[in-house]
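Colleague: Could you take me slowly through one part of this model, the ligand and the residues around it, and then through the salt bridges and helices elsewhere in the chain? I am new to reading structures, so please name each residue as you come to it.

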Amino acid sequence: MSEAGGGRGCGSSVPQRAPWSLVAATAAFCLVSATSVWTAGAAPMSREERQKLGNQVLEMFDHAYGNYMEHAYPADELMPLTCRGRVRGQEPSRGDVDDALGKFSLTLIDSLDTLVVLNKTKEFEDAVRKVLRDVNLDNDVVVSVFETNIRVLGGLLGGHSLAIMLKEKGEYMQWYNDELLQMAKQLGYKLLPAFNTTSGLPYPRINLKFGIRKPEARTGTETDTCTACAGTLILEFAALSRFTGATIFEEYARKALDFLWEKRQRSSNLVGVTINIHTGDWVRKDSGVGAGIDSYYEYLLKAYVLLGDDSFLERFNTHYDAIMRYISQPPLLLDVHIHKPMLNARTWMDALLAFFPGLQVLKGDIRPAIETHEMLYQVIKKHNFLPEAFTTDFRVHWAQHPLRPEFAESTYFLYKATGDPYYLEVGKTLIENLNKYARVPCGFAAMKDVRTGSHEDRMDSFFLAEMFKYLYLLFADKEDIIFDIEDYIFTTEAHLLPLWLSTTNQSISKKNTTSEYTELDDSNFDWTCPNTQILFPNDPLYAQSIREPLKNVVDKSCPRGIIRVREESFRSGAKPPLRARDFMATNPEHLEILKKMGAASSIDAEDGLRFMQEMIELSSQQQKEQQLPPRAVQIVSHPFFGRVVLTAGPAQFGLDLSKHKETRGFVASSKPYNGCSELTNPEAVMGKIALIQRGQCMFAEKARNIQNAGAIGGIVIDDNEGSSSDTAPLFQMAGDGKDTDDIKIPMLFLFSKEGSIILDAIREYEEVEVLLSDKAKDRAAILKGKMIPSYIINSNPEMENEEQPSSENDSQSAEQITSSSQEVDLVDQESPEESSLNSQPESLSPADMDNAASVSPSEQISNPMENHETTSLDGECTDLDNQLQEQSETEEDSNPNVSWGKKVQPIDSILADWNEDIEAFEMMEKDEL
Ligand code: DMJ
């Protein structure tokens, strides 16, 4: 157990206290009392700057919410690239991700309490009216019980909690009569059939109209669910019971939690990722704090905070002890096997675990929270966002990032606990990165690949429910919020439930509850919670002193130094066990150790098992490493200005873009278009990036022909119509089996859908300039580059100012900028370390023909866990006709009152919006500077 894990967690040492008083005050104490403390490590941020950042968050929220309401509502989510609503059944299925969509205007409901936190009370009032008028909870659609609970039930309850707060204040919501609560109750009853199992664990899905197991329901045959899915209900269900007096909801959620607790692995006290809902057997026996388990732990601690029930705290503390013993390998949090908890189950971490430092703050264990948060921040600084999964040596494992809020959440809680302005700077970076890399004219788009900066046509509702709340609260002072946030607890979706529920309708039978509490006064609280008065009494640099040793942990990562070596090895002075990555078949000592494994003792057997597992992971990792990472084609000319980033396949020959500066140039189609013979239009491609069609000859031959014609780069476009990097694995273009050293120009490959975006742009604008690189470049740098239309500069005086190093240079710099065709070098944002990481050995077999099956498949860009039938493509806005047709051919809305998914924005209008947005973006960038 970590030093901080036992005895000093919030409330753990004072179970005799009155539950409601303890939890409310303790939570408030842990999170609030430190805000006046400033550690001297990071410079304090002025009130003015915090206000400016708060305003920036408001503007960003308006951009996301406004576009959802204008272009997507009443659909569940906004598709920000094609600027329309995502309607289930009208888009290709994305698998489980779609189970959050129930045709119940998900984003609107998930945004309700965010509107109040952000002081948008009028908009809140309108939004509640829309929910009451438009939302139908009786659709024939199969939804995830977990997602519907945390997003929709939680959203309605959060909305209700703040509606009654506002009504009581006397200005807004005077007409409100618990209508949201009635909807929540209706939804609660719809979810209850899912609990009809002998174990009490809920089925993972339910049909909103037909329930479960009836033929019409199309669900109810599942046998497994994830631990978080079954264990993340108590806050919403208990709140529903206590608000309404209907005890059944809290009872069902408690029963599911009781069952999970019974099924914990008794020697390790850990739980697995998935469980059989009928037998209670663990289906997946790996255990971590991220995907599949995360909010189960969160809800145990928060159930104690909200309900004051000691048994929840005892359970949480037992699990926490196990987590700190086995999973926490500071600064890493690594999954282990529940039966063999000294064995790591993975060599990578997922992005969901980023919430854990925030939970550790609530628990009162600040040190490991600071450490893990710092490690995560460095991963973010390397890739701009937290990739969905990353390895223990901080390389990208799954490259997506769906704008998850967990890291912002932990940043907020750490700031509240430490008062360290460093965390404000972290928040500022998050804001900058969102605006630079995820903002698109119609909202914010998920990152399809953090390495290239390409987008997915997706803006999940949790982005509005959580991200903006945490970012806004991070910079807000108490008086910036119209109510006292400390009177509420955040659910896992950041919905707000009032702490006074702990004393309301407590008639529900509490199993295992010892409720002998006596009220103590607040002066005793300083010993119940490791608050900053204890943590930082003589040392204001405490938080910084914890971060400091980790400051290069990502850039100078050395996995062997970080991953835990078993404690017993250290203690006994024995040699650490042989790791797969160190194994050499030629080393006799290694062979001897290998022979011993599995033979002599259980420790040897454990080593053997780990060795085998590591060997398997290592070999798949090495396979990946031998493949070149994807590249980016970024359209930088008017009106795109770097907003369109296309994921491209690299070539095993020609200029390596990971080692050299990017190549920027206008594009021109080669003649012949297949580039298989000497070009007949060398004057057109001279000094440009030639577009060539795939097929007829080898990639290398095409490259030589365009190079001979004077091209400075080439883009091969797939001849297989409709192909896309969303649905096909990206590959690298192999050489021709001969020496290709003569090819000096960079060559990239685009699938047909991505390629057609460039071809369409040429048709529309003639002059199209692109940037070929290993990673999309910062748009601000692109805007500073050549070919900025003078109308933008003229209409934006601040842009001129930005270029002025000092007032003496005023007149000169304005001139410099308006001579817009001058080339300005882009700043390479990558560190040398990163460049070398990207330059992987070329090892794939040479292909005979470029479009033959012998082309080596490369690493799939998208998350391998997800269905590849996604619709999300950069610039899919050019394919609107097809999509319109597809829409009309697919499922009709089951709610006759609401017209679903009919709002498709024409391309001209999207481009017009882009122009506006570019200007707004520039203004914003200047503001920041
Ligand atoms: C949110 O929906 C919730 O926070 C959930 O618990 C898991 N994470 C997503 C956002 O990443």
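Modeller: What follows begins with the ligand and then turns to salt bridges, helices and a few backbone details. Please keep in mind throughout that this is a predicted model.

The ligand is surrounded by Ile-150, Leu-352, Arg-404, Pro-405, Glu-406, Phe-462, Glu-466, Thr-492 and Glu-493. Sorted by class, this shell contains four nonpolar residues, one polar residue and four charged residues. Three of the side chains can be followed to an oxygen atom of the ligand: for Glu-493 the distance from an N or O atom of the side chain is 2.5 Å, for Thr-492 a polar side-chain atom lies 2.7 Å away, and for Glu-466 the distance from a side-chain N or O atom is 2.9 Å. Taken alone, the ligand would expose 290 Å², and the protein buries 93% of that area.

One residue beside this shell in the sequence has a backbone detail that you may like to find. Leu-403 lies in the loop between β14 (396–398) and α14 (406–418), and its phi is positive, at about 60°, although Leu-403 is not a glycine. With a relative accessible area of 1%, Leu-403 is buried. A positive phi also appears at Asn-269, again a residue other than glycine, where the value is near 60°; Asn-269 is placed in the loop between α9 and β6 (274–276).

Turning to the charged side chains, a search of the whole structure finds 49 salt bridges. One of them joins Asp-98 to Arg-94, with the closest N and O atoms 2.8 Å apart. Both partners are buried, Asp-98 having a relative accessible area of 7% and Arg-94 one of 4%. These two residues also belong to a network of salt bridges that links Glu-77, Arg-94, Asp-98, Glu-147 and Arg-151.

A further salt bridge is found between Arg-254 and Glu-250, whose closest N and O atoms are 3.0 Å apart. The two residues are four places apart in helix α9 (residues 248–263), which means that about one helical turn separates them. The general rule behind this is that an α-helix has 3.6 residues a turn, so residues three or four places apart point the same way. Arg-254 counts as buried at 6% relative accessibility, and Glu-250 counts as buried at 0%.

For contrast, look at Lys-659 and Asp-656, which form a salt bridge with the closest N and O atoms 3.9 Å apart. That distance is still accepted, because the cut-off for a salt bridge is 4 Å. Here Lys-659 counts as exposed, at 57% relative accessibility, whereas Asp-656 counts as buried, at 18%.

Helix α9 deserves a second look as a whole. Its 16 residues should span 22 Å at 1.5 Å a residue, and the C-alpha atoms at its ends are 23 Å apart, which agrees with that expectation. Its buried residues include Phe-249, Ala-253, Leu-257, Leu-260 and Trp-261, but charged Asp-258 is also on the list.

Helix α10 (residues 294–307) makes a useful companion, since its 14 residues reach 20 Å from the first C-alpha to the last, close to the 20 Å expected at 1.5 Å a residue. In α10, 14 of the 14 residues are buried, so this helix is largely enclosed by the rest of the structure. Just after α10 comes Gly-308, which takes a positive phi of about 70°.

Two cis peptide bonds can be found in loops. The bond from Tyr-73 to Pro-74 is cis, with omega near 15°, and Pro-74 is placed in the loop between α2 (47–72) and β1 (77–79). Another cis peptide bond joins Pro-330 and Pro-331, with omega at about 5°, and Pro-331 lies in the loop between β9 (328–329) and β10 (332–333).

Finally, here are two pairs of residues that show how positions separated in sequence are placed in space. Ala-711, in the loop between α24 (699–708) and β25 (713–717), is 26 residues from Val-685 in sequence, with the C-alpha atoms of the pair 5.4 Å apart. Ala-711 counts as buried, at 5% relative accessibility. Thr-391, in strand β13 (residues 389–391), is 41 residues from Asp-350 in sequence, and their C-alpha atoms are 8.8 Å apart. Thr-391 also counts as buried, at 3% relative accessibility.

How values were computed
Residues numbered from 1 in each chain as written. Predicted model: local features only at pLDDT ≥ 70, side-chain atom pairs only at ≥ 80, totals over all residues. Heavy atoms only, no water. Buried < 20%, exposed > 50% of the residue type's maximum accessible area, 1.4 Å probe, protein only. Near = heavy atom within 4 Å. Polar contact = N/O pair within 3.5 Å; in protein donor to acceptor, adjacent residues only side chain to side chain. Areas by Shrake-Rupley, 256 points an atom, 1.4 Å probe, with all protein chains shown as cover. Expected span 1.5 Å × (residues − 1).
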